[in-house]
Amino acid sequence: NYLMTWGTYDGQGLRGMRINRDGIIIDTNFINITNIDTTAASSAIAYDDTNYMAIWEISRYYSNWHIYIYDLFGSRVSRSGIVLDTIPIDIDPDNSKTEYAPAIVYSGMNYLCVWGDRSPNWESSIHIYGTRIDRAGTVLDPNKIGICISSGEQSIPAVSFDGSNYFV
């Protein structure tokens with residue numbers, strides 16, 4: 001089966017539905033993947049042969065800066081559609097940055113989640129960072145991995161795995 005996710009702009013977070021190989025919707029009601037009362041935007045999904053890992057960005061308004069900051073969270077969803085992480089996983093706990101446009105892949109051992117990252121004042125360059133997440137939902141690189149931090153702007157990454165190496 002497949003898991004499809006979509007963000008809401010009404011403060012209700014991230015929702016999902018499972019679809020079988022024939023394209024038939026399995027769930028009669030949507031799965032409420034997140035309990036964070038906020039707007040969910042871009043999302044990505046990977047599957048580890050047992051569970052799905054859904055990653056999404058949320059927006060929060062910071063009135064002292066008069067801007068929105070985007071943070072990344074994730075939750076595992078079982079094959080039967082049960083949300084396993086009712087308290088979402090904070091993918092990058094450094095809330096002084098804006099993380100957006102996540103992508104994720106499973107390697108057979110861990111997930112690799114990558115994203116664009118920028119300081120909240122939007123004056124610095126965007127760089128690509130990532131972190132590995134194990135099947136239990138533990139972020140293995142809490143200080144994140146700098147993947148492309150050269151001068152200029154890099155954003156909206158994609159990631160794949162060839163059986164030996166990740167490619168971002």
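**Sheet first.** I started with the open sheet, which has 3 strands in the order β1-β2-β3, paired antiparallel. The model is predicted, so I keep that in mind throughout. β1 (2-7) and β3 (31-32) are the edge strands; each has a single partner strand, so one side of each goes without a neighbour in the sheet. I then checked the pairing of β1 with β2 (residues 14-19): it is antiparallel and runs over 6 bridges. For one register point I looked up Y2, which sits opposite I19 in β2.

**Whole chain.** Next I pulled the secondary structure: 0 helices and 13 strands in the protein chain. Reading from the N terminus, I get nothing but β in the element string. I also looked at burial, and 50% of the 168 residues count as buried. The accessible surface is about 8500 Å², with 51% of that on carbon and sulfur atoms. For contact range, I took contacts between residues at least 6 apart in sequence; 44% of these join residues at least 24 apart.

**Cores.** Which residues of the largest nonpolar core touch the most other members? I find M53, I55, I91, I104, Y111, C113 and I133, out of 15 residues in that core. The elements giving two or more residues to this core are β4 (39-47), β5 (51-62), β8 (98-106), β9 (110-118) and β10 (127-134). β9 gives the most, 3 residues. I noted the general background too: in soluble globular proteins, nonpolar side chains tend to be buried together.

I followed I91 further. Leaving out residues up to four places away in sequence, I91 touches I55, L72, F73, G74, C113, W115, T131, I133 and V139. There is also a second, separate core of 12 residues, and I spotted L3, I31, Y52 and V77 among its members.

**D162.** My last stop was a loop residue. D162 is in the loop between β12 (160-161) and β13 (166-167). Is D162 buried or exposed? It is exposed, because its relative accessible area of 60% is over the 50% cut-off. I then listed what the D162 side chain reaches. It comes to 2.8 Å from the backbone nitrogen of S164. The backbone nitrogen of N165 lies 2.7 Å from a polar atom of the D162 side chain. I also logged a long-range pair: D162 and S107 are 55 residues apart in sequence, yet their C-alpha atoms are 8.3 Å apart in space.

Conventions: Residues numbered from 1 in each chain as written. Predicted model: local features only at pLDDT ≥ 70, side-chain atom pairs only at ≥ 80, totals over all residues. Heavy atoms only, no water. Helix = DSSP H or I, 4+ residues; strand = E, 2+ residues; numbered from the N terminus. Buried < 20%, exposed > 50% of the residue type's maximum accessible area, 1.4 Å probe, protein only. Contact = heavy atoms within 4.5 Å. Areas by Shrake-Rupley, 256 points an atom, 1.4 Å probe, with all protein chains shown as cover. Core = buried A, V, L, I, M, F, W, Y, C linked by side-chain atoms within 4.5 Å. Pairing = 2+ DSSP bridges. Polar contact = N/O pair within 3.5 Å; in protein donor to acceptor, adjacent residues only side chain to side chain.
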